[in-house]
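Good morning, colleagues. I would ask you to keep the sequence and the structure in view while I speak.

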Amino acid sequence: MTDLTAARQLMVDSQLRGRGICDPRVLDAMLRVPREEFVPAPYRAQAYEDHPLPIGNDQTISQPYIVAVMLESLQLTASSRVLEVGTGSGYVTALLAELAAEVVSVERHPSLSEKAREVLAALGYGNVKVITGDGTLGYPAAAPFDAILVSAAAAELPRVLLSQLSDTGRMIVPVGTNDSQQLQLVRMINGQPVVTPRELVRFVPLVNSQGRSRE
């Protein structure tokens with residue numbers, strides 16, 4: 001489909017609403033954010049297809065449906081403060097910026113974080129701070145957060161990130177090995193994490209600034 005605006009509408013109608021995504025704020029945000037701006041030029045024509053796309057540095061921009069599942073699960077409000085681990089292309093960052101008051105996003109690859117900053121600034125997102133650094137450490141300087149979205153797979157629930165949630169915060173994170181991962185929704189209730197398993201997924205591994213996984 002050459003008309004990207006029409007392709008975006010079709011994505012929302014068929015891939016998202018047609019598969020059970022019903023949060024109107026999430027649907028509206030995904031209708032507004034131009035995913036093609038976050039996709040490398042050779043893949044721009046595929047921007048609204050139902051699969052991930054490469055963005056360089058062995059990283060990907062996630063499948064739109066999985067992005068929507070993660071966003072919907074966080075139940076963000078216009079006053080939410082959000083931490084994103086793994087900026088990547090900046091696409092999910094832009095969606096978070098549409099849904100929340102403040103977004104801090106941490107990316108370990110300098111080339112990706114710089115490109116994401118450029119695109120986000122060009123699109124006018126002023127409520128986003130992109131940090132080049134070790135996402136496994138979160139961003140304690142701005143904690144606690146109302147929500148944390150992790151765009152890479154942890155070997156187990158990342159305790160460092162859990163400690164940066166507010167008393168009523170929520171976190172969505174893929175957990176597992178390279179071959180077997182599942183989204184886990186964490187809700188803080190009475191100071192304790194309550195975990196709900198969600199969809200099976202496949203993300204790149206969550207690693208620290210030295211390229212090693214952190215328990």
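Let me begin with a question: is strand S6, residues 145-150, largely enclosed by the rest of the structure or exposed? Please bear in mind that this is a predicted model. Strand S6 is largely enclosed, because 5 of its 6 residues are buried, that is, under 20% relative accessible area.

Consider next the strands with which S6 pairs. Strand S3, residues 81-85, runs parallel to S6 and is joined to S6 by 4 bridges. Within this pairing, valine 82 has alanine 147 of S6 as its bridge partner. S6 also pairs with strand S7, residues 165-176, again in the parallel sense and over 4 bridges. Here isoleucine 148 finds its bridge partner in methionine 171 of S7.

I turn now to arginine 108. This residue is located in the loop that links strand S4 (102-107) and helix H5 (110-122). Arginine 108 counts as partly exposed because its relative accessibility is 33%, which falls between the 20% limit for buried and the 50% limit for exposed. Its C-alpha atom is 9.3 Å from that of valine 85, although 23 residues separate the two along the chain.

Finally, the aromatic rings. Which arginine lies over the face of tyrosine 65? It is arginine 19, at 4.2 Å from the ring centre. In addition, arginine 35 places its charged end over the ring of tyrosine 91, 5.5 Å from the centre of that ring. As for contacts between aromatic rings, the count is 1 aromatic pair.

Technical notes: Residues numbered from 1 in each chain as written. Predicted model: local features only at pLDDT ≥ 70, side-chain atom pairs only at ≥ 80, totals over all residues. Heavy atoms only, no water. Helix = DSSP H or I, 4+ residues; strand = E, 2+ residues; numbered from the N terminus. Buried < 20%, exposed > 50% of the residue type's maximum accessible area, 1.4 Å probe, protein only. Phe/Tyr/Trp six-rings, centres within 6.5 Å; stacked < 30°, edge-to-face > 60°. Lys NZ or Arg CZ within 6 Å of the ring centre and 35° of its normal. Pairing = 2+ DSSP bridges.
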